[in-house]
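Visitor: I have a structure open in front of me and would like to learn how to read it. Could you take me through it feature by feature?

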Amino acid sequence: MTGTSLNSMLLASSDPERLRSWYVAALDPQENTEMDQYRMLQFGTFYLMIDSRADVGDKNPEPGRVILNFEVPDARAVVAHVNELGTGWLAELEDRDGSLFATAIDPDGNYVQIIQLSEEHRAAMTQK
């Protein structure tokens with residue numbers, strides 16, 4: 001099969017409004033709308049859909065299973081802003097051969113990775 005694309009994910013929460021508020025404040029989506037019961041946040045061409053579900057707890061018991069990766073133009077500025085929100089960190093900002101990575105923990109306990117790729121890493125990815 002060809003032509004398949006991944007363009008969204010559903011992030012379930014026992015408190016979807018709290019979770020949406022955090023993502024809006026922390027990462028400034030291009031779009032913040034509602035469609036039926038879904039809270040729709042657009043980041044680039046990707047949609048993060050936030051909804052409530054009766055079968056999820058208040059905290060994610062296995063947050064390492066799925067990690068949301070957000071590529072940003074200035075990781076230091078994003079990390080400083082997220083710090084102002086009182087967010088906890090799994091991994092503080094670190095330089096990995098010129099690229100910057102940090103892993104925040106959202107209000108539901110999900111891991112949110114902040115990434116600023118170096119031009120060298122970006123070029124290497126396009127050569128593969």
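Guide: Let us begin with contacts, meaning heavy atoms within 4.5 Å. Among contacts in this chain between residues at least 6 apart in sequence, 52% join residues at least 24 apart. Please keep in mind that this is a predicted model, where local features need pLDDT of at least 70 and side-chain atom pairs count only at pLDDT 80 or more, while totals for chains, interfaces and linings use all residues. Residues are numbered from 1 along each chain as its sequence is written, and side-chain values use heavy atoms, with hydrogens and water left out.

Visitor: How many helices and strands are in the chain?

Guide: Helices (H or I, at least four residues) and strands (E, at least two) are DSSP runs, numbered from the N terminus. The chain has 3 helices and 8 strands. Their order along the sequence is β-α-β-β-β-β-α-β-β-β-α.

Visitor: And how does the radius of gyration of the chain compare with the globule rule?

Guide: The radius of gyration is taken over C-alpha atoms, and the globule rule is 2.2 Å times the number of residues to the power 0.38. Here the radius is 15 Å, close to the 14 Å that the rule gives for 128 residues, so the chain is as compact as a globular protein of that length. Along its principal axes, the C-alpha trace spans about 45 × 45 × 25 Å.

Visitor: Now the sheets, please. What is the strand order in the sheet that holds strand 1?

Guide: Two strands pair if DSSP finds at least two bridges between them. This open sheet of 4 strands has the order 1-4-3-2, with mixed pairing. Strand 1 (8-13) and strand 2 (31-35) are its edge strands, each pairing on one side only. Neighbouring strands are turned by 25° against each other on average, direction ignored. You can check one pairing yourself: strand 2 and strand 3 are antiparallel over 5 bridges, and Asn32 has Leu41 in strand 3 as its bridge partner.

Visitor: What is the order of the strands in the sheet with strand 5?

Guide: That one is also an open sheet of 4 strands with mixed pairing, in the order 5-8-7-6. Its edges are strand 5 and strand 6 (88-96), and the twist averages 15° from one strand to the next. Strand 6 and strand 7 run antiparallel, joined by 6 bridges. Gly88 stands opposite Ile105 in strand 7.

Visitor: Where does helix 1 pack on this sheet?

Guide: For directions, axes are lines fitted to C-alpha atoms, for helices over the stretch in contact, and angles run from 0 to 180 degrees between N-to-C directions. Helix 1 touches strand 5 and strand 8 of that sheet, and its direction makes about 15° with that of strand 8. Helix 1 also lies across strand 1, strand 2, strand 3 and strand 4, running at about 15° to strand 3.

Visitor: Which residues of the largest nonpolar core touch the most other members?

Guide: Two terms help here. Buried means under 20% relative accessible area, exposed over 50%, and partly exposed in between (1.4 Å probe, protein chains only). A nonpolar core is a set of buried Ala, Val, Leu, Ile, Met, Phe, Trp, Tyr and Cys residues joined through side-chain atoms within 4.5 Å. The largest core has 23 residues, of which Tyr23, Leu27, Leu48, Val112 and Ile114 touch the most other members. Helix 1 gives the most to this core, with 5 residues. Leu27 touches Phe43, Phe70, Val78, Val112 and Ile114, leaving aside residues up to four places away in sequence. Over the chain, buried residues make up 37% of the 128.

Visitor: How many salt bridges are there?

Guide: A salt bridge is a side-chain nitrogen of Lys or Arg within 4 Å of a carboxyl oxygen of Asp or Glu. By this rule the count is 8. Glu17 pairs with Arg20, the closest N and O atoms being 2.9 Å apart. Both lie in helix 1, 3 residues apart, about one turn of the helix.

Visitor: Is Arg20 buried or exposed?

Guide: Arg20 is buried because its relative accessible area is 10%, whereas Glu17 is partly exposed at 34%. Another pair is Arg65 and Glu62, with closest N and O atoms 2.5 Å apart. Arg65 is exposed at 65%, and Glu62 is partly exposed at 42%.
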